[in-house]
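User: I would like to go through this model with you and hear the reasoning behind each label. Please set every value against the cut-off that applies.

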Amino acid sequence: MGEEEKVIYFDNNATTAVAPEVFEAMTPFLTKLYGNPSSIHHFGGQVMAHVETARERLAALLGAAPTEVIFTSCGTESDNAAIRSAMLTCPQRDKLVISKVEHPAVLNLAKDLERRGYRVSMIPVDGKGKLDMERARELIDNQTSVVSVMWANNETGNIYPIYELADLAHRNGALFHTDAVQAVGKVPMNLSESQIDFLSLSGHKLHAPKGVGALYVRRGVRFRPFVIGGHQESNRRAGTENVASVVGLGKAAELARLNIEKENSQVRAMRDKLEQGILKTIPEVRVNGDVEHRLPNTANISFEYIEGESILMLLDMFGICASSGSACTTGSLEPSHVLRAMGIPYTAAHGAIRFSLSRYNTMDEVDFVLEKLPPVIARLREISPYWNQK
């Protein structure tokens, strides 16, 4: 395979490769064990035991009870189910509090709820993307139905004070939800010792397939199903289970629990080498976010006075995959809403690239990126009117 045909995948916050062990675990349920887990006959009913094993494996990763885990189609569905349920079960309260840097799955849901008459308040962030906790304490009040703040930001990797926010919500009689899509498998969790009421996750962010996710609902919290129909998931999420993918998610959760130390040591070391190499070899760059409190795999770096999309196009010629922000907003010409909320200057926000690694990356791949990236940046700056006029 020639150099141009290599694939160096540094876009793991967008999606991850399905782990070989996950694929192997799924295969029987796409071939021989195709029965409906709700069937009375043994051929179908035996499948339910595998669904429950997956539930136990995922619960172990979260530090939760299996009965608190509901399988869904994705993180977006889980976000919608949690927030809408909280608003419906607390009709005397009409306020939703979120952060300004949430994923579109929460931001756009908040806009929809606002159009329907609910009030929405947003917690601002500072230049490093840290939440303004003083403002949070002002916004979360006795009219708040639910507070929804992501555990870790998908663009900067910032990790937020989730436990403190959950406590703050409860002290005001509100429920607390966190979109933990990026954090699950990278941040150790023990939900049984927290005040978190709802937690959303997505399989394809932790080496399971796309099209499967889960929602944690703390025992005792009232819950209104989002998807109405049959009795599946103990009457909490209707629809025949996506068995193969559920089994895959369970296996991925087991692998994540076994590899969480690797995420926080080997993956972090690769990320740090990449970041330090870029800062050393390329002028006029900045790291965006809170470098002391972030995911071990994520680096968001701005290359001043050039367009991020142009960087990505040239890197793609070498088979290097990265991102200019959230995969759910790719295609927009506007700078990232996260970087705008942080007050990042226009000349830096437009040149921001997110590199997100996984345990399947290698130091050799980091070296390859560090070899190819500096000349790409130099080439683009040579033709940039902003660079030549600065």
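User: Why is T144 called buried?

Analyst: In this predicted model, T144 has a relative accessible area of 0%, and buried means under 20%, so T144 belongs in the buried class. T144 is placed in strand β5, residues 144-148. Setting aside residues up to four places away in sequence, T144 touches R93, K95, V97, L139 and A174. The C-alpha atoms of T144 and K210, which are 66 residues apart along the chain, are separated by 33 Å.

User: K95 and V97 also belong to a strand; what makes β3 count as largely enclosed?

Analyst: Strand β3 covers residues 95-99, and 5 of its 5 residues are buried, so the strand is largely enclosed by the rest of the structure. The burial applies to both faces, since K95, V97 and S99 lie on one side and L96 and I98 on the other, and all of them are buried.

User: How do you know that β3 is paired with β4, and which residue of β4 is the bridge partner of I98?

Analyst: Two strands pair if at least two bridges are found between them, and 5 bridges join β3 to strand β4, residues 119-123, with the two running parallel. The condition is therefore met. Within β4, the bridge partner of I98 is M122.

User: What makes β10 a mostly covered strand, and which strands pair with β10?

Analyst: For β10, 6 of its 6 residues are buried. T298, N300 and S302 point one way, A299, I301 and F303 point the other way, and all are buried. Pairing again needs at least two bridges; β9, residues 285-288, joins β10 in the antiparallel sense over 4 bridges, and β12, residues 352-356, joins β10 in the antiparallel sense over 5 bridges. Both pairings therefore satisfy the condition. I301 takes part in each of them, standing opposite V287 and opposite I353 in β12.

User: Why is D11 called buried, and which residues does D11 touch?

Analyst: D11 has a relative accessible area of 12%, and because the limit for buried is under 20%, D11 is placed in that class. D11 lies in the loop between β1 (8-9) and α1 (20-26). Not counting residues up to four places away in sequence, D11 touches C321, A322, S323, R354 and S356. The C-alpha atoms of D11 and V187, which are 176 residues apart along the chain, are separated by 19 Å.

User: S323 is among those contacts; why does S323 count as buried?

Analyst: The relative accessibility of S323 is 5%, which is to be set against the limit of under 20%, and S323 therefore counts as buried. S323 is found in the loop between β11 (320-321) and α10 (337-341). Leaving aside its neighbours within four places in sequence, S323 is in contact with D11, L312, A352, I353 and R354.

User: Why is N235 called exposed, whereas Y305 is called partly exposed?

Analyst: The exposed class begins over 50%, and partly exposed lies between that value and the 20% limit for buried. N235 has 53% relative accessibility and therefore counts as exposed, whereas Y305, with a relative accessible area of 21%, is partly exposed. N235 is placed in helix α7, residues 232-235, while Y305 is in the loop between β10 (298-303) and α9 (308-316). Although not a glycine, N235 has a positive phi of about 65°; Y305, likewise not a glycine, has a positive phi of about 70°.

User: How do you know that the radius of gyration of the chain agrees with a compact globule?

Analyst: For 390 residues, a compact globule would have a radius of gyration near 21 Å, and the protein chain has 22 Å, which agrees. The C-alpha atoms fill a box of roughly 70 × 55 × 35 Å along the principal axes. The chain has 13 helices and 12 strands, and buried residues make up 57% of its 390 residues. Among the contacts with a separation of 6 or more, 75% are between residues 24 or more positions apart.

Definitions and conventions: Residues are numbered from 1 along each chain as its sequence is written. This is a predicted model: local features need pLDDT of at least 70, side-chain atom pairs count only at pLDDT 80 or more; totals for chains, interfaces and linings use all residues. Side-chain values use heavy atoms; hydrogens and water are left out. The radius of gyration is taken over C-alpha atoms; the globule rule is 2.2 Å times the number of residues to the power 0.38. Buried means under 20% relative accessible area, exposed over 50%, partly exposed in between (1.4 Å probe, protein chains only). Contact means heavy atoms within 4.5 Å.
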